[in-house]
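Let's walk through this structure together, a stop at a time. Keep the view open beside you and turn it as you read.

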Amino acid sequence: MELNADFTTRVVVHSEQLPWQASPMPGVDRRMLDRIGDEVARATTIVRYAPGSHFPAHTHTGGEEFIVLDGVFQDEHGDYPVGTYVRNPPTTAHTPGSEPGCTIFVKLWQFDMDDRNQFRKTMADELGAADNGVASAELHRDAQEVVTYHALDAGASLSMNDPGGIEMLVLDGNVIEQGEWLDKHTWLRLPDGVALVAKAGTDGARIWIKSGHLRYAKAPD
């Protein structure tokens, strides 16, 4: 399966407008944003766990990173409330689920295969002082990507021109980019060489960004 697999074009997905699709696991539904492959895939997805739903224990051969969008995600390592950013690199394993239910934004098979840096962070706790209405945090950096989190006051602007492509998820509020309003849980992907210029709406915005990684995009080996 290929979905939004042309990494040379701008892509916007207003995920809240997509229908939920059942996954192979009962009680777990998803909204696919991009994908190369079938059930083993390089994938970016919003996943919803019904209360009491669980996946069996499994190993993330290609790594997994996720953000908890609502509810509480759980595994044998602990509880992960809204606003938690987690990186589970290749070779890590867990048994995920959620007793109260949750929704997560998750990326699979998008790691450096030698990465072993496993961590969780509360994104809001990482923010520095605001500059011109924008407070920022660097969540992760390696040779192929940079992951950041930003809180924008109403009307504040954020510009970025990192090489290797840019990907953004609006976590809350809204922004305007290239004349298009991007509301809560809208996902944007910009190809290498295209700058990001986003301006927050009247309620401000919280956004997650990854840059540099699109030049390495490929299907799982």
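In this predicted model, counting rings whose centres lie within 6.5 Å gives seven aromatic pairs. A good one to look up is the pair formed by F73 and Y80: the ring centres are 5.7 Å apart and the planes meet at 65°, so the pair is edge-to-face, since that label applies to angles over 60 degrees. A pair of aromatic rings is described by just these two things, the distance of the centres and the angle of the planes. Both partners are out of the solvent's way in the sense used here: F73 is buried, and Y80 is buried too.

Now widen the view a little. F73 and Y80 belong to a cluster in which ring pairs link them with Y49, F55 and F66. Elsewhere, a ring meets a charge: K121 places its charged end over the ring of F119, 4.7 Å from the ring centre.

From rings we can turn to empty space. Rolling a probe the size of a water molecule over the atoms shows where such space is left. The largest pocket has a volume of about 580 Å³. Which residues lie nearest its centre? They are E39, F55, H58, H60 and L108, out of 26 residues that line the largest pocket. You have met F55 already, as a member of the ring cluster. The elements that each give two or more residues to this lining are strand 4 (28-37), strand 5 (41-49), strand 7 (58-60) and strand 13 (102-108). Strand 5 gives the most, with five residues. Sorted by class, the lining of the largest pocket holds 14 nonpolar residues, eight polar ones and four charged ones.

The second largest pocket has a volume of about 250 Å³. W109, Q110, F111, Y216 and K218 are the closest to its centre among the 14 residues that line it. By class, the lining of the second largest pocket has seven nonpolar, three polar and four charged residues.

Next, please find E167 in strand 18 (residues 166-177). Is this glutamate buried or exposed? Its relative accessible area is 0%, so E167 is buried, the limit for that label being under 20%. The side chain of E167 has polar partners there: one polar contact, of 2.6 Å, is with the side chain of K107, and another, of 2.7 Å, is with the side chain of H213.

Strand 21 (residues 196-211) holds our next stop, A205. With a relative accessibility of 6%, A205 counts as buried as well. If you compare its place with that of Q17, you will find the two residues 188 apart in sequence and 19 Å apart in space, taken from C-alpha to C-alpha.

Let's finish with the backbone, at two loop residues. N4 sits in the loop between strand 1 (2-3) and strand 2 (11-14). Its phi is near 50°, a positive value in a residue other than glycine. N4 has a relative accessibility of 27% and therefore counts as partly exposed. T91, in the loop between strand 10 (84-88) and strand 11 (92-94), also has a positive phi, of about 85°, although T91 is not a glycine.

Terms used. Residues numbered from 1 in each chain as written. Predicted model: local features only at pLDDT ≥ 70, side-chain atom pairs only at ≥ 80, totals over all residues. Heavy atoms only, no water. Phe/Tyr/Trp six-rings, centres within 6.5 Å; stacked < 30°, edge-to-face > 60°. Buried < 20%, exposed > 50% of the residue type's maximum accessible area, 1.4 Å probe, protein only. Lys NZ or Arg CZ within 6 Å of the ring centre and 35° of its normal. 1 Å grid on protein atoms, 1.4 Å probe; cavity = no way out; pocket = protein on both sides within 12 Å on 5 of 7 lines; lining within 4 Å. Points joined across faces, edges and corners; volume = space filled by probe spheres on them. Helix = DSSP H or I, 4+ residues; strand = E, 2+ residues; numbered from the N terminus. Nonpolar A, V, L, I, M, F, W, Y, C, P; charged D, E, K, R; others polar. Polar contact = N/O pair within 3.5 Å; in protein donor to acceptor, adjacent residues only side chain to side chain.
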